[in-house]
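Let's take a look at how far this one can be trusted, and then at how it is put together.

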Amino acid sequence: MKKNRIGVGVVALAAASALVLTGCSSGGSSSTPTSSANLSAVITANGSEPQNPLIPTNTQETGGGRIVDSIFAGLVYYDATGKPINDAADSITTTDSQTFTIKLKANQTFSDGTPVTSNSFVKAWQYGALLSNAQLNQSFFAPIEGYSATADSPLTGLTVVDDTTFTVKLSAPQADFPLELGYDAFYPLPDSAYANMTAYGTDPIGNGPYKLASPTAWQHNVQIDLVPNTSYTGGRKVQNGGLTIKFYADLGAAYADLQGNNLDVLDSIPSADLATFQNDLGSRAVNEPTAVFQSFTIPGRDAHFSGQEGQLRRQALSESIDRDTITKVIFNGTRTPASDFTSPVINGWTDSLSGASSLKYNPDDAKKLWAEADAISPWSGTFQIGYNADGDHQAWVDAVSNSIKNTLGIDASGAPVPTFAAFRTSVTDKSINTAFRTGWQADYPGLSDFLVPLYSTSGSSNDGQYSNPAVDALFTKASAETSTDAANQDYQDAQNILLKDLPAIPLWYSNITGGYGTSVSNVSFGWNSEPLYYAITKS
Amino acid sequence: MGGYILRRLLQAIPVFFGTTFLIYFMVFAMPGDPIIAMFGDKTPNPALVAQLRAQYHLDQPFIVQYFIYIGGIFRGDFGISYSGVPVGDILLRTFPVTLKLAVIALFFETVFGIVVGLISGLRKGKLFDASSLVISLILISLPIFVIAFVGQYVFGVQLGWARTTVGPGAPVADLILPALVLASISFAQIVRLTRSSVIETSSLDFVRTAYSKGLSRNRIVPVHILRNSLIPVVTYLATDFGVLLVGATVTEGIFNVPGVGNTLYQAIIRSEGPTVVSFVTVMVLLYLVVNLIVDLLYGLLDPRIRYVK
């Protein structure tokens, strides 16, 4: 039980990179209410107490993200497959992939009746990007001209043309910039927000499909009550009478509530119940891949892991891990073995990259490669994988270590760090001197989000300090392409290099594990593993 | 007696400073940077981290942080949680829930514990006594989370007699199951305490005298035996009330009770210094007060006990 509780805390933290965009169904077909559906029935779903006030630019963990996504509408939203669909925007156009002209739909309002204008977006973005406002999503404005990570600097690239038109100039061409615009950092704010941002964050006024039921609808540590926002005219049409998100500190309690018919939708199964939940719930169980990629990173600064020797050793390690067995035995099939560095739910993903053979379990080849590396410089010591001991990581780290140990005949073990905070601190300040577990949950559905921050030389989350000019060049080329297919081809070329260099050893993609109650239907999960709450119907 | 109370209350002052200092220090010494942990598996921009550290005074030396916090408490300001809610408000919202849960649990353990203990004591060695002994042994040896999970699964999921978790506003009906779980272990203790105390009292001279005077058993048992057997039980109950008040983290977690234990647990996970310290401080003070009341109760129950100035 204890383990579970701790697991949950850490899942919440680990998912902090997750900004959870509201997914959406692609339209009418799946959201048509069935005859028995009751349009006034309130859906209950699990969540966790938001860690920050509900301000879009300051929300980057799932607890707050799922609420923010429900009560705000950005320029675009993503359908269940991750395709961006205009929400508040009427059109987003560009001729050079550097300056984008954004036109808003006319006559949109926030739930308090004030109009949604170009300024609602531009001022909110300026607020989010200003360093002294200390917004957690500040780095999302980095592509826009004028952004500074180290000083207060207005986004000079934002120009208001009229009430429903504004332009965004980036500091360098980036063709998939519009794909990012469904992320919550880019949501608009009403003018009333700026007077007292903290107070606004406890009773936010948004422009999304739902709004807070009352100024006190957020009962801290208990639940938040949302009702449909009748002034919302976008594509995410609400098919139920409201949404109550209950906060659980312990996922076990949420699972018991689902079984006891006290909860309609659960988006995560506690690890203790992973082995049995598909039996318990039958067809109401959900287990499908999502946009979460897991790996362990071996920093190039570690002895024996740079240059030619490093490349051989990384490939040997990767080929000595039996991913199929580990995902089956340790995770009960709730992980999918990785075949690249991204995720199967992302447009452009393929399981047939030519370099992907380095991710196949191949003990003989692994031994051969390790011996070749030993010829360059003999191995000594123990290969260790660092992880935070307050999460559910020990089982798989031990399994991976054993797989390496048995295949290569070297000492391998886990290196637990007591808390998530201590673990991330040592990774961030580069003081960790072992390999370490890494995970990535995409913020927007593009290959670039899985690759550029992690493996480009100047990448913001390049914790392994990997640098390869060929990879950097392909990333730059990809972002300047005008067609998505051409850009995806560049990213795949880059991935083929990464599969040789293996700055991180890909392990598996996380699945969504969830379930829903007997009285709800039309439950589906978006590309980012968030349930599409607005489409759910309840009898 | 007034002087005694005053002296005990004065003793609470160094305890208050000692505990806040110690707890604050322990939160401060927790490994890792809570600001970096806010960003999950992402690596944050160092300038932004510096801004946030300054906002929560985390860039100050420990002793400065401590005095900023203590200074706030004397102005009635317990600090602000990361989600922008004043910690004082959280305290005001969670303590009544835990208080309600504690009172219900106390009610169950008192009523059932004393009744069963009394019958056991009066029928020493009989079938009822033997079986209540076995049951209390089982309850004492079971970890509370096992009782909680089984209770939740059987009564909540399978039979549907109770809600699996506690709903908004923590209505009494929802709190009965978690209260029974909490009461179960103390129930076993009270049974054994009452039983041995009743056996002891039953063999005392004044009970024999009462019988020989021809008083009826219906009068002797409640008035002479039970009343005089209750001193150790009342002491235990008062202490147990203190324990229940400072939160039952495990049980509150399993039943998702929005009380003290659950909230404190989440705050620890997030390294939210002000929340953790304020909660623990209030708990310590409550515990001191309850202990004082227990000590005063001795005097009321047993006039032979006197308090020296």
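Among the elements of chain A, which has the lowest mean pLDDT and which the highest? The low end goes to helix 1 (residues 2–14) of chain A, with a mean of 35, while strand 7 (residues 165–169) of chain A has the highest, at 96. Keep in mind that this is a predicted model.

The weak spot covers residues 1–35 of chain A, where pLDDT stays under 50. The model still has 118 contacts beyond four places in sequence for residues 1–35 of chain A. Where pLDDT is low, the predicted coordinates should not be read in detail.

In chain B, confidence is lowest in helix 13 (residues 273–301) of chain B, with a mean of 80, and helix 5 (residues 87–122) of chain B is highest, at 89. Here are the chain averages:

| Chain | Mean pLDDT | Residues at 70 or more |
|---|---|---|
| Chain A | 88 | 93% |
| Chain B | 83 | 96% |

For the complex, the predictor gives an ipTM of 0.82 and a pTM of 0.84.

Now for the build of chain A. Its secondary structure comes to 16 helices and 20 strands. The C-alpha trace of chain A spans about 70 × 55 × 40 Å along its principal axes. Chain A has a radius of gyration of 23 Å, which agrees with a compact globule, because one with 539 residues would come out near 24 Å.

What percentage of the 539 residues in chain A is buried? Buried residues make up 59% of them. As for contacts in chain A between residues at least 6 apart in sequence, 72% join residues at least 24 apart.

Technical notes. Residues numbered from 1 in each chain as written. Chains lettered and ligands numbered in written order. Predicted model: local features only at pLDDT ≥ 70, side-chain atom pairs only at ≥ 80, totals over all residues. pLDDT = per-residue confidence, 0-100. Helix = DSSP H or I, 4+ residues; strand = E, 2+ residues; numbered from the N terminus. Contact = placed C-beta atoms within 7 Å. Rg over C-alpha atoms; globule rule 2.2 N^0.38 Å. Buried ≥ 20, exposed ≤ 12 C-beta atoms within 10 Å, placed from the backbone.
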